[in-house]
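Here's a quick tour of one predicted model, meant to be read with the coordinates open. Have a look at the fold before reading on.

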Amino acid sequence: MTPTTYSVHSTPIGDILLVHSPDGLVACQVMHAPLDHVLEPLAHELRSIPHHDADAGRMAAAQIDEYFAGARREFDLELDWRLAHGFTVSALKAVCEVPYGETASYAEVAALAGSPRAHRAVGTACRTTPFSVVVPVHRVVRADGSIGEYGGYPEIKRFLLDLESRGSLRLNSRDPE
């Protein structure tokens, strides 16, 4: 049992819980409930209670801040995949291939993950990701182009897609014609 630590970081979409182990980031979750309500199910899954350490999430917090400031388009963090299993890992790694400012359908991500018919499993992987924001599941949309629910918070998904859209426009405006 590897020890885990946590910190809470404030962002434009709300507080984010960052859980770390010596192997990397274990979880990055937008908190929609009080801390103890969010930590309890994580502690159950981890089979240990993470201990508070404000410094543990410093690198992740800095990269998240850069992302929200429009200065970062992908994250460079070691991820500890212990909370993801089976096809979920393949699906989430495929999600990481969707470029900043772009979207892909659940079916397209399933194909990237090597299981073209597993679009529903991709949806489940996105809904249950331990790595909100850092693994850009917000870039995965329905086949008809609608954005979907984002774990019941479509306004957060819209915010993230709009943020990246504005960032892509700034990036393209610097390109020579």
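Let's start with Leucine 77, which is buried at a relative accessible area of 17%; buried here means under 20% relative accessible area, exposed means over 50%, and partly exposed is in between (1.4 Å probe, protein chains only). Leucine 77 sits in the loop between α2 (58-68) and α3 (87-95). Helices (H or I, at least four residues) and strands (E, at least two) are DSSP runs, numbered from the N terminus. What does Leucine 77 touch, not counting residues up to four places away in sequence? The contacts are Leu25, Met59, Ala60, Gln63 and Val134, with contact meaning heavy atoms within 4.5 Å. Serine 48, by comparison, is 29 residues from Leucine 77 in sequence and 23 Å from it in space, C-alpha to C-alpha.

A word on ground rules. This is a predicted model, where local features need pLDDT of at least 70, side-chain atom pairs count only at pLDDT 80 or more, and totals for chains, interfaces and linings use all residues. Residues are numbered from 1 along each chain as its sequence is written, and side-chain values use heavy atoms, with hydrogens and water left out.

Now for the sheet. Four strands make an open sheet with mixed pairing, in the order β3-β2-β1-β4. The edges are β3 and β4 (51-52), each pairing on one side only. Two strands count as paired if DSSP finds at least two bridges between them. Here are two of the pairings side by side.

| Strand pair | Sense | Bridges | Connection |
|---|---|---|---|
| β1 and β2 | antiparallel | seven bridges | hairpin, two residues between them |
| β2 and β3 | antiparallel | six bridges | hairpin, two residues between them |

To find the register on screen, go to threonine 11, whose bridge partner in β2 is glycine 14. Across the other hairpin, Histidine 20 stands opposite leucine 25 in β3, and Leucine 18 faces cysteine 28 in β3. That leucine 25 is also one of the contacts of Leucine 77. As for β2 itself, six of its eight residues are buried, leaving the strand mostly covered.

Two helices come into play here. Helix α1 packs on the sheet and touches β1, β2 and β3, its direction making about 25° with that of β2. Helix α2 lies across β1, β2 and β3 as well, running at about 20° to β1. For these angles, axes are lines fitted to C-alpha atoms (for helices over the stretch in contact), and values run from 0 to 180 degrees between N-to-C directions.

Which residues of α1 are buried? They are Val38, Leu39, Leu42, Ala43 and Leu46. They cover an arc of only 130° around the axis, so they lie on the same side of α1; the arc is that of the directions from the helix axis to the C-beta atoms. An α-helix has 3.6 residues a turn, so residues three or four places apart point the same way. What covers the buried residues of α1 includes β1 (5-11), β2 (14-21) and β3 (24-30). On the other side of α1, His37, Glu40 and His44 are exposed. Right after α1 comes arginine 47, with a positive phi near 60°.

Finally, the record: an unreviewed UniProt entry annotates residues 6-80 as "domain: Methylguanine DNA methyltransferase ribonuclease-like". UniProt positions are given in the numbering used here, feature names are shortened, and annotations may be inferred rather than shown by experiment. Over residues 6-80 the chain is 31% helix and 31% strand, with the end C-alpha atoms 14 Å apart.
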